[in-house]
Amino acid sequence: MLHGIYPALYGTGVDASQADKRFLALIEMHEKRFGAQEATLFSTSGRTELGGNHTDHNLGLVLAASINLDTIAAVSKRDDKRIVLDSMGFPLVEINLDDLAKKDGEKGTTASLVRGIASRFQELGYSLTGWQASVTSNVLQGSGLSSSAAIEVLVATIINHLDAEDTLDPVSLAQISQYAENSYFGKPSGLLDQVSCAHGGIVAIDFENPKRPMVEPVLVDFKEHGYDLVITDTRADHSGLTDCYASIPKEMKQVAACFGKSVLREVDPGLFMESLPQIRSKVDNDRALLRAIHFFQENGRVLQMIHALKEKDMESYLSLVNQSGESSFCFLQNAYPPSDAAHQAIPLAIALSKEFLGGEGAVRLHGGGFAGTIQAYVPQQMTEAYIDAMENVFGKGCSTLIAVRSLKTSAIG
């Protein structure tokens, strides 16, 4: 039944037998846990950022894509007013739909996300019904592929299907998910991850109007141009990096404040450069100025990347990918924690990639930075050897070959 949509979920090279095994195991898990004989299947993808590193929180431009790694669920209705989420490898989540107020003790948990999403649907006027779900995911945690956003959007998609007749579009589902993450989970995130997970395909996102970001599909298949997209997790420790991540939007907004603006998107880049001597004295933080330069240049670079893809100019596009990575390293300065210069896994992975590729393809820092992942465009004839080379340094299974998923988050069967 699902074979017809597997290519839209997992790319043309999908192993249908392996996908069948995964969904059958999920259905069996649901029947064993809940005794439900019939269930509706859902899928929400992870995402990868292609351009626009750390631009969304200052209302900039981003190029992103949903990918063939996903969070899937088997869902059946309940007769009571409860949502029960049984996610493999995680504690059971159960909430009462008659009690959707924030719970201080739930902050930072999946329960807070489910409660917040349900609360937002209720605020929008929807009457909610109970349901139960068995969930499993192959979106790598801590890899910059947005495993947390995938579960948020999945829950919103389920409620949209059961209680809103699938009337809400991907951006609306993303905004509901962001609301739950900001207000209930307690994380002041932007919309990039949620929009990318919800929409499907490669998308250019303009966050100038945060209440209604503009999303434009960009149709391209990297495999048709001879390249595989490979994510490598350097397996560096993410703990203790909250201040590093928070410093980026904070410093960018400090520069914007010098012009009486709240974010850099509202600042004219030419005026910024003209005012640099005065701003440098006022801010007294050269790194903040460099991060502002990254923002302005990266915004322009995303526009160039979109144009190159539309023109099927892969040479220009790959050059821009490399420039994006270099800007993150030199100007944004999120390649490694400044307090731990002895451990530079991301720069090492980039250096090894450049050495291996020898001027072919492209490589860039991926996601939040400081620890985590890099992204490489690898000529297909070199992919197997490239993965072997990366695994030789960073460990077995560190590199993942990904494909762009064309289908938006949805009920699939």
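## Cysteines, a sheet strand and a surface patch

A search of this whole structure, which is a predicted model, turns up 0 disulfides. Take cysteine 244, for example: its nearest cysteine sulfur belongs to cysteine 330 and lies 18 Å away. A disulfide needs two cysteine sulfur atoms within 2.5 Å, so that pair does not qualify.

How covered are the residues in this tour? The table gives relative accessible areas for some of them, starting with two cysteines.

| Residue | Relative accessible area | Class |
|---|---|---|
| Cysteine 244 | 13% | buried |
| Cysteine 398 | 1% | buried |
| Valine 393 | 41% | partly exposed |

Cysteine 244 and cysteine 398 count as buried because their values, 13% and 1%, fall under 20%. Valine 393, at 41%, is partly exposed because that class lies between 20% and 50%.

Where does valine 393 sit? Its place is in helix H13, which covers residues 383-394. Together with Leu348 and Leu352, Val393 makes a nonpolar surface patch of about 220 Å².

Now let us turn to strand E6, made of residues 202-206. Is this strand mostly covered or mostly open? Mostly covered: 4 of its 5 residues are buried.

Strand E6 pairs with strand E2 (residues 61-77) through 5 bridges, and the two run antiparallel. Within this pairing, alanine 64 has valine 203 of E6 as its bridge partner. Strand E6 is also joined to strand E7 (residues 214-217), again antiparallel, by 4 bridges. Here alanine 204 stands opposite glutamate 216 of E7.

How values were computed. Residues numbered from 1 in each chain as written. Predicted model: local features only at pLDDT ≥ 70, side-chain atom pairs only at ≥ 80, totals over all residues. Heavy atoms only, no water. Buried < 20%, exposed > 50% of the residue type's maximum accessible area, 1.4 Å probe, protein only. Patch = residues over 30% accessible without salt bridge, like charges linked within 9 Å, V, L, I, M, F, W, Y side chains within 5 Å. Areas by Shrake-Rupley, 256 points an atom, 1.4 Å probe, with all protein chains shown as cover. Salt bridge = Lys/Arg side-chain N within 4 Å of Asp/Glu carboxyl O. Pairing = 2+ DSSP bridges.
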